[in-house]
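Q: I'm new to this one, so please go slowly and take a close look at a single part. I'd like to hear about one strand and what lies around it.

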Amino acid sequence: MVIGAGGALGTDLVARLGTPGASGAPPTDSVTALTRSELDVTDAEAVRAAVRAWRAAPGEGAAVLVNASAFTAVDLAETDPDAAARAWAVNAEAPGVLAAACAEVGARLVHVSTDYVLGPLPGGERRPLEPGDPTAPEGVYARSKLAGEERVRAALPDAHHIVRTAWLYGATGPNFVRTMARLSRERDVLDVVDDQHGSPTWTGDLADGLIALARSSAPASTRHAAGGGATTWWGLARAVFEELGADPERVRPCDTASFPRPAPRPAWSVLSDASWRSAGLEPLPPWRDALRTAVRHHPALLLG
Ligand SMILES: NC(=O)c1ccc[n+]([C@@H]2O[C@H](COP(=O)([O-])OP(=O)(O)OC[C@H]3O[C@@H](n4cnc5c(N)ncnc54)[C@H](OP(=O)(O)O)[C@@H]3O)[C@@H](O)[C@H]2O)c1
């Protein structure tokens, strides 16, 4: 079952699960996919009813619910109290309800979280971050996502997979890649932040990874899954220009201070793939290769 099926990640999950043979899926897989208009995760009674209905007619094999729903407007959550309340309801409270519903019917839960929950390493160290590294969420979105993780662990201690990812872009909805493609047409030069480091992740690759995790017998845990390697937003913007056949020198580096945003962004959120490998799972492809593949599959990404 996929919840939040209309989002960037949800769309790719459903596309893969709905295609027999995709992502190694046996053709017998049955998938229930619910968009926000079909299931509002903040309606606890509706969540319980949907999960019970799903398991009332169980298919073969393991039952896994993937939660791809989230309130992701991170800046709006800082400036608009209503948005902050929605962020808390969707990102903190709803995952606990989903986890309790899974416990009731004996399903496992794959819950997607974020690099934003992590804090800086002691002493300013810079190495890829592990799930056990210190958390220090800054901002409403980050705090709500960490609270969601905690509720999932509490309600479903032996059957949860919490997967933190980062810097997502997909075929659906607004994202950084699409914005850079648009700006390449609107501006001669543009300044892009070069002091935030992370792991750009194509939703198609993450969807493949989550499906592999759901099919595995990996124990309940918190794991990191993001595109391989690391770059900065400046590096990603240059790569988008390269894919467009535009001159990457038109992208100039700037620092975070010259580009203030309402929600704080982590300066270092490069995610290690060690926890993913330790479950016997294939790490996600290197971010630069993934961008090329994503553009090949979804040329409209470069239309902005
Ligand atoms: N985007 C990133 O860079 C990023 C980075 C790290 C982690 N993540 C995490 O990755 C996951 C997937 O993110 P994404 O980029 O695919 O986000 P997305 O495109 O914003 O998709 C989220 C989906 O959740 C739906 N949703 C919102 N409120 C809901 C509700 N009350 N009930 C049911 N569905 C609801 C949204 O519907 P509407 O569109 O109708 O609101 C949307 O379809 C999230 O857990 C996110 O926190 C994202």
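To start us off: how many bridges join strand E3 (residues 64-67) to E4, and do the two run parallel or antiparallel?

A: Four bridges join E3 to E4, and the two strands run parallel. Before going further, a word on what you're looking at: this is a predicted model, where local features need pLDDT of at least 70 and side-chain atom pairs count only at pLDDT 80 or more, while totals for chains, interfaces and linings use all residues. Residues are numbered from 1 along each chain as its sequence is written, and side-chain values use heavy atoms, with hydrogens and water left out.

The labels come from DSSP runs numbered from the N terminus: helices are H or I runs of at least four residues, and strands are E runs of at least two. Two strands count as paired if DSSP finds at least two bridges between them. Strands of a sheet pair through backbone hydrogen bonds, either parallel or antiparallel.

Now for E4 itself. On the E3 side, Val64 has Arg108 of E4 as its bridge partner. Turn to E5 and you find six bridges, with E4 and E5 again pairing in the parallel sense. Two places to look for there are Ser113, which stands opposite Arg164 in E5, and Thr114, whose bridge partner in E5 is Thr165.

Step back, and E4 sits in an open sheet of six strands in the order E2-E1-E3-E4-E5-E10, with parallel pairing. At the edges stand strand E2 (33-34) and strand E10 (221-224); each has a single partner strand, so one side of each is left without a neighbour in the sheet. Next to that E10 edge is strand E5 (residues 160-165), joined to E10 by four bridges, and these two run parallel as well. Ile162 has Thr222 of E10 as its bridge partner, and Arg164 has His224.

What packs on this part of the sheet? Helix H5 (residues 140-155) does, touching strand E4 (108-114), E5 and E10, and its direction makes about 160° with that of E4. (Contact means heavy atoms within 4.5 Å; axes are lines fitted to C-alpha atoms, for helices over the stretch in contact, and angles run from 0 to 180 degrees between N-to-C directions.) E4, H5 and E5 together make a right-handed β-α-β unit. Right-handed here means that, with the strands pointing away from the viewer, the path from the first strand over the helix to the second runs clockwise.

How enclosed is E4? Seven of its seven residues are buried, so E4 is largely enclosed by the rest of the structure. Buried means under 20% relative accessible area, exposed means over 50%, and partly exposed is in between, using a 1.4 Å probe and protein chains only. Arg108, Val110, Val112 and Thr114 point one way from E4, while Leu109, His111 and Ser113 point the other way, and all are buried.

Neighbouring E5 tells a similar story. Six of the six residues of E5 are buried, so this strand too is largely enclosed by the rest of the structure. One side of E5 carries His160, Ile162 and Arg164, the other carries His161, Val163 and Thr165, and both faces are covered.

One spot to visit after E5 is Pro200, in the loop between strand E8 (197-198) and E9. Pro200 is buried, with a relative accessible area of 1%. Leaving aside neighbours within four places in sequence, its contacts include Ala166, Trp167 and Tyr169. The C-alpha atoms of Pro200 and Tyr169 are separated by 7.7 Å, although the two are 31 residues apart along the chain.

To recap the strand you asked about: E4 pairs with E3 over four bridges and with E5 over six, and seven of its seven residues are buried.
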